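Student: I would like a close look at one buried position and the helix packing around it, and then at how the surroundings are put together. Please take it slowly and give the cut-offs as you go.

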Amino acid sequence: MQNINSKLPGVSTTIFTIMSKMANQYDAINLSQGFPNFEASPELVNLVTQAMKKGYNQYAPMPGLLSLREVIAEKTNSLYGSTYHPDTEVTVTSGATQAIFTIISAFINPGDEVIIFKPAYDSYEPSIKLFKGTIVPIQLSAPDFTINWQEVASKITSKTKMVIINTPHNPSGSIWSKDDMLQLEKLLNNTNIILLSDEVYEHIIFDGQQHQSAALFPGLAERAFITASFGKTFHTTGWKMGYCLAPKTLMKEFRKVHQFNVFCSNHPMQYALAKYLKTPEHYLSLPNFYQEKRDLFLSLIKESRFSYTPASGTYFQLLDYATITDEGDVAFAERLTKDYKIASIPVSVFNLNQQDDNVLRFCFAKTEDTLKRAAEILCGI
């Protein structure tokens, strides 16, 4: 046997895989892993089929199909008034997670400090560790997940290479305000710190609020990578399609790694997305679409023993179970799956030192029937 010196000795199977496996094992309703259980647009699927039949089945250009990069740039300009050149500042990726990994691998060297806000999407930390960066966590707490900007300022040092933010935020469903972004812009002014802004839920935001993209703030945009996901936007998480935006000098370094990471992303899907994005309503309708699901889910569980603050964005809702049991969230999530046949995600696994706020994350990107069946179970606990 080889003596393997693991680069990630502390990393095991993700909680998403564990809970989805349990959901299958116990025949539970799966509101854990973040994927819709309804079909993608037949129009979009048909466009992919057309592209395959037309022969778009070989390698796409390394940075992505130009027609897709052009429509991404147009979309970004229309939404945020910011200009990204399709040739040099837009790259199509195999999902947002690939973009995030590529950004970190292109810029993080041993000893570089990276500030992250916890609870955090679980790909950030392992990627930083692989390149021997130092994680500098800032813990946010339920129910409001507000940011202590004095703490953020205190964590910035001469070794800070990158700050990673995520808004709308997974797993909390909270969003960063305009003031938050202005505070961050002020802190990063006159530094060489890179911003990685994970904005995969940019189109899933509720109650008339506006997504505060890094692209809206010149002092952030000049140093930012913005990552986005077609999978989250168009209910096609299994396609693993996304993109990132960045100024030319940053994107040049990104592409050096990207070309040896995946080289290019799925060609027929790029062809289809380039056409599908030309109808803005396909993504502009998403806030109402998902708010109806959120509101239905919350109305159905209003008589339950769970408490909650309605999610401001994403398709996740946190439920506080403190009045039900004093169990830890991992144990309670497992018991709900086994005994009540409903699967969720315990949030402590994303927190610093597994801080347990007695909340579970439920995905409401489901059919009305699924949400009704899930709510019936939750109300019976």
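**A buried threonine and its surroundings**

Tutor: Thr337 lies in helix H14, where helices (H or I, at least four residues) and strands (E, at least two) are DSSP runs numbered from the N terminus. This is a predicted model, in which local features need pLDDT of at least 70 and side-chain atom pairs count only at pLDDT 80 or more, while totals for chains, interfaces and linings use all residues. Residues are numbered from 1 along each chain as its sequence is written, and side-chain values use heavy atoms, with hydrogens and water left out.

Thr337 has 0% relative accessibility and therefore counts as buried (under 20% relative accessible area, with exposed meaning over 50% and partly exposed in between, for a 1.4 Å probe and protein chains only). Not counting residues up to four places away in sequence, Thr337 is in contact (heavy atoms within 4.5 Å) with Met19, Met22, Ala23, Tyr26, Ala28, Ile342 and Ala343.

Several of these partners lead to a helix pair. Two packed helices are described by the angle between their axes and the distance between the axes. Helix H1 (residues 15-25) and helix H14 (residues 329-340) have axes that come within 9 Å and cross at roughly 20°; axes are lines fitted to C-alpha atoms, for helices over the stretch in contact, and angles run from 0 to 180 degrees between N-to-C directions. H1 and H14 are therefore roughly parallel to each other (angles under 35 degrees, as against over 145 for roughly antiparallel, 65 to 115 for roughly perpendicular and the rest for oblique). Their crossing is right-handed, which means that the near helix is turned clockwise from the far one by less than a right angle, whereas an anticlockwise turn would make it left-handed. On the H1 side the contact is made by Met19, Met22 and Ala23, and on the H14 side by Ala333, Glu334, Thr337 and Lys338. By class, the contact of H1 with H14 has four nonpolar, one polar and two charged residues (Ala, Val, Leu, Ile, Met, Phe, Trp, Tyr, Cys and Pro count as nonpolar, Asp, Glu, Lys and Arg as charged, and the others, Gly among them, as polar).

H14 also takes part in the surroundings of Ile381, a residue in the segment after helix H15 (368-379). Ile381 counts as buried because its relative accessibility is 12%. Apart from neighbours within four places in sequence, Ile381 is in contact with Arg305, Phe306, Ile324, Leu336 and Tyr340. From Ile381 to Arg305 the C-alpha distance is 7.3 Å, although 76 residues separate the two in sequence.

A second helix pair can be read in the manner of the first. The axes of helix H3 (residues 66-80) and H11 come within 8 Å and cross at roughly 35°, and this crossing is left-handed. Ser67, Leu68 and Val71 of H3 meet Gln270, Leu273 and Ala274 of H11, a contact with four nonpolar, two polar and no charged residues.

Leu68 also leads into the nonpolar interior. In the largest nonpolar core, which has 93 residues, Leu68, Phe117 and Phe297 touch the most other members; such a core is a set of buried Ala, Val, Leu, Ile, Met, Phe, Trp, Tyr and Cys residues joined through side-chain atoms within 4.5 Å. Helix H11 (residues 267-276) gives the largest share of this core, six residues. Another core lies apart from it and has 21 residues, among them Met162, Ile164, Leu250 and Phe254.

Leu250 is also one of the contacts of Arg223, which sits in the loop between helix H8 (218-221) and strand E7 (224-229). At 7% relative accessibility, Arg223 counts as buried. Its other contacts beyond four places in sequence include Leu188, Asn190, Ile193 and Leu195. Asn190 belongs to the loop between H7 and strand E6 (194-198), and with a relative accessible area of 73% Asn190 is exposed.

The backbone has some less common geometry as well. Most residues other than glycine have a negative phi, and most peptide bonds are trans. Asn190, which is not a glycine, has a positive phi of about 60°, and Thr314 has a positive phi near 70°. The bond joining Ala142 and Pro143 is cis, with omega about 5°, and so is the one from Asn170 to Pro171, with omega near 20°.
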